[in-house]
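Take a look at the fold below. Keep the sequence beside it as you read.

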Amino acid sequence: MPKLLINGQPCEFKEGTTVAAAILNAGITHFRTSAAGQPRGPICGMGICYECRVTIDEVPHLRACMFLCADGMIVKADG
């Protein structure tokens with residue numbers, strides 16, 4: 001089964017899984033912290049709310065719900 005790294009931890013995923021789903025499946029609900037210091041995570045699941053922003057393969061502020069997982073991908077959720 002393919003794997004990606006989420007905050008340094010290897011996680012398996014099924015083909016067609018979004019990065020947001022993989023992060024949630026790993027038990028992480030705090031994807032980032034708002035400017036006011038509040039924990040944030042996915043709300044809409046379709047790229048409108050921008051609350052699920054993470055760093056994917058060193059590219060910051062990407063919407064996790066809009067990207068499919070790829071084998072070897074490195075994801076950092078700031079939460």
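The paragraphs below go from the sheet to the core and then to two single residues.

This is a predicted model, in which local features need pLDDT of at least 70, side-chain atom pairs count only at pLDDT 80 or more, and totals for chains, interfaces and linings use all residues. Residues are numbered from 1 along each chain as its sequence is written, and side-chain values use heavy atoms, with hydrogens and water left out.

Start with the sheet. It is open and has 5 strands, in the order 2-1-7-5-6, with mixed pairing. Strands here are DSSP runs of E with at least two residues, helices are runs of H or I with at least four residues, and both are numbered from the N terminus. Two strands pair if DSSP finds at least two bridges between them. Strand 2 and strand 6 (59-63) are the edges; each has a single partner strand, so one side of each lacks a neighbour in the sheet. From one strand to the next, the twist averages 35°. That angle is taken between N-to-C directions, on a scale from 0 to 180 degrees, using axes that are lines fitted to C-alpha atoms (for helices, over the stretch in contact).

Now the edge pairs. Strand 1 (residues 3-6) runs antiparallel to strand 2, over 4 bridges. Within this pair, I6 faces Q9 of strand 2. The hairpin has 2 residues between the strands, and N7 adopts a positive phi near 50° there. On the other edge, strand 5 and strand 6 are also antiparallel, paired over 3 bridges. Here I56 has V59 of strand 6 as its bridge partner.

Next, the core. A nonpolar core is a set of buried Ala, Val, Leu, Ile, Met, Phe, Trp, Tyr and Cys residues joined through side-chain atoms within 4.5 Å. The largest one has 20 residues, and L4, I6, V19, I23, V54, A64 and V75 touch the most other members. Strand 1, helix 1 and strand 5 each give two or more residues. Helix 1 supplies the largest share, 4 residues. L4 has contacts (heavy atoms within 4.5 Å) that include Q9, F13, A22, M73 and V75, leaving aside residues up to four places away in sequence.

Finally, compare two residues. T55 sits in strand 5 (residues 53-56). Its relative accessible area is 19%, and buried means under 20%, exposed over 50%, partly exposed in between (1.4 Å probe, protein chains only). So T55 counts as buried. Beyond four places in sequence, T55 touches P60, I74, V75 and K76. E15 lies in the loop between strand 2 (9-12) and helix 1 (19-25). At 81% relative accessible area, E15 is exposed.
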